[in-house]
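Biologist: Please walk me through this model. I will ask, and you reason your way to a name or a value.

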Amino acid sequence: MKPGKALLTAQYGMLLALALVLSYAESQVPAFFAVPGMKLGLTNLVVLTALYMRGWKSALAVNALRIVLASVLFGNGLSLAYSLAGGLLSCLVMILMKASGRFRIVTVSAAGGVCHNIGQILTAMLLLDTDAILWYLPVLWFSGLAAGLAIGILGGELVKRLARIGGFIPAHVGNPAVIGAYEAMRRCGKKRRGRSDRGAAARRDARRANDENYVNHEAAIRDSGGYIEDQLAYGDMTYGRTTVAKTGCEIIAVFNVLTYLTRRTEDVSAGVPSLPALIAAFEEDGMAAGGHFGTAPSALADYLEKAGFAVSMTTTVPDFDRAAADCGAMLLTFYNDRSDIRQEIHTVAVTREPDGLTAHNVTGDGRRITGVPSVSALLGRLGGGRAEGISLICVGGSRQDRDNSV
């Protein structure tokens, strides 16, 4: 599952709110040395953090919104013009310097501080139609440099600490505890649904809509050999309080495993439950936090075992290759980034093909990874090499086939 819009909106909201608070605080600080325009540059701390933690688009969006809202709330039309010129020039310079990969965060911040003041001076010269204010430039250049260096040091430390927070769970919380947390959310949700039928009609309507929308995806499934490889295209199908496009990777992984095991690629509906049927099944038992956290891995194992397949599950990453040695199909759950929990958790179906292992629905846009010799090698290629395994569910033939072979 990828970071959803709700999570990103919450993060942007917090960054923007903090930027506005700092803008107000800065507006209450008297100008140093009676030089107009000299400021502490506190809001640049938020822009810098957004740039290094969320990327250039986030930094640009937060900066632009902060400038407009702060001017409306605490300023006027002239302050908007000055802030737009200085703030956007500063932000663009920092974006370009970071993208080059040649500069440290302190240098990037210092350049941003200087360019902010340069942008404001140029705007003042244009609006006032005079170059008499150029004497301000050396003073503002120095103040921008000093403030930028200070903000850069503080911002660098803040980014490091936030990164450590993001990596705390993958580094310090064991995989069994993570699976246990998912199981607790699964049981809690199942208990709440069992106490009330108020949502029964809504669930029936959602199931009907999923059935209707699923028809639009069947051609793509056939073209992919019976597999679902394009999760991001399933925004029209709901899962709990969210959509399959956002948090339906576990359900898609089960669908793909069943497709592999039945070996009926010409008619995927034969022997394989439809995706809407799987969604309904896991909404009844397996959904975590209304679907916002996807599906509990243990629920996937339980479903497949009830369907008659031989299932084994391990959360010990060094045992993944051994467990997969005699397994044709697997469900691999992993952190997208072992150092940043905000990149969330993903689950893929892994099938054994003549050229090695194939991972399906890796990025949700139709791509798969093929010809991989082992699960450990596959983890090395997932998430740009930053993935970390959580659990591996091995799915063999039916229990009846296994019993007959003994």
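## Salt bridges, a strand and a core

Modeller: Asp 205 and Arg 208 share helix α9 (residues 200-214), three residues apart, about one turn of the helix. The model is predicted.

Biologist: What is the N to O distance in the salt bridge of Asp 205 and Arg 208?
Modeller: An α-helix has 3.6 residues a turn, so residues three or four places apart point the same way. Asp 205 is partly exposed at a relative accessible area of 44%, and Arg 208 is partly exposed at 47%. Their side chains meet in a salt bridge, and the N to O value is 2.8 Å for Asp 285 with Arg 186, but for Asp 205 with Arg 208 it is 2.9 Å.

Biologist: Which residue forms a salt bridge with Arg 161?
Modeller: The partner lies in helix α6 (residues 136-166), four residues from Arg 161, about one helical turn. The closest N and O atoms of the pair are 3.2 Å apart. The partner is partly exposed, with a relative accessible area of 32%. It is Glu 157.

Biologist: How many residues apart are Asp 285 and Arg 186?
Modeller: Their side chains meet in a salt bridge, 2.8 Å from N to O. The pair links distant parts of the chain. Asp 285 sits in the loop between α13 (275-284) and α14 (297-306), and Arg 186 sits in helix α8 (residues 175-195). The separation is 99 residues.

Biologist: Is Arg 186 buried or exposed?
Modeller: Buried means under 20% relative accessible area. Asp 285 passes at 17%. Arg 186 has 6% relative accessibility, so Arg 186 counts as buried.

Biologist: How many salt bridges does the count come to?
Modeller: The bridge of Asp 205 and Arg 208 is one case, at 2.9 Å. The bridge of Arg 161 and Glu 157 is another, at 3.2 Å. The count comes to 11 salt bridges.

Biologist: Why is strand β4 (residues 329-335) largely enclosed by the rest of the structure?
Modeller: Both faces of β4 are covered. Ala 329, Leu 331, Thr 333 and Tyr 335 are buried on one side, and Met 330, Leu 332 and Phe 334 on the other. The strand is largely enclosed because its buried residues number seven of seven.

Biologist: Which residue of β5 stands opposite Met 330?
Modeller: β4 and strand β5 (residues 345-353) run antiparallel. Seven bridges join them. Opposite Met 330 stands Val 350.

Biologist: Within what arc do the buried residues of α13 fall?
Modeller: The buried residues of α13 are Leu 275, Pro 276, Leu 278, Ile 279, Phe 282 and Glu 283. Seen down the axis of α13, they line one face of the helix, because they fall within an arc of 160 degrees.

Biologist: Which element gives the most to the largest nonpolar core?
Modeller: That core has 40 residues, and Val 254, Leu 275, Phe 282 and Leu 331 have the most contacts inside it. Elements giving two or more residues to this core include α8, α13, α14, β4 and β5. The element that gives the most, with eight residues, is α12.

Biologist: How many residues are in the other core, with Leu 45 and Val 62?
Modeller: This core lies apart from the largest nonpolar core. Its members include Leu 45, Val 62, Ile 105 and Cys 115. Its size is 23 residues.

Terms used:
Residues are numbered from 1 along each chain as its sequence is written. This is a predicted model: local features need pLDDT of at least 70, side-chain atom pairs count only at pLDDT 80 or more; totals for chains, interfaces and linings use all residues. Side-chain values use heavy atoms; hydrogens and water are left out. A salt bridge is a side-chain nitrogen of Lys or Arg within 4 Å of a carboxyl oxygen of Asp or Glu. Buried means under 20% relative accessible area, exposed over 50%, partly exposed in between (1.4 Å probe, protein chains only). Two strands pair if DSSP finds at least two bridges between them. The arc is that of the directions from the helix axis to the C-beta atoms. A nonpolar core is a set of buried Ala, Val, Leu, Ile, Met, Phe, Trp, Tyr and Cys residues joined through side-chain atoms within 4.5 Å.
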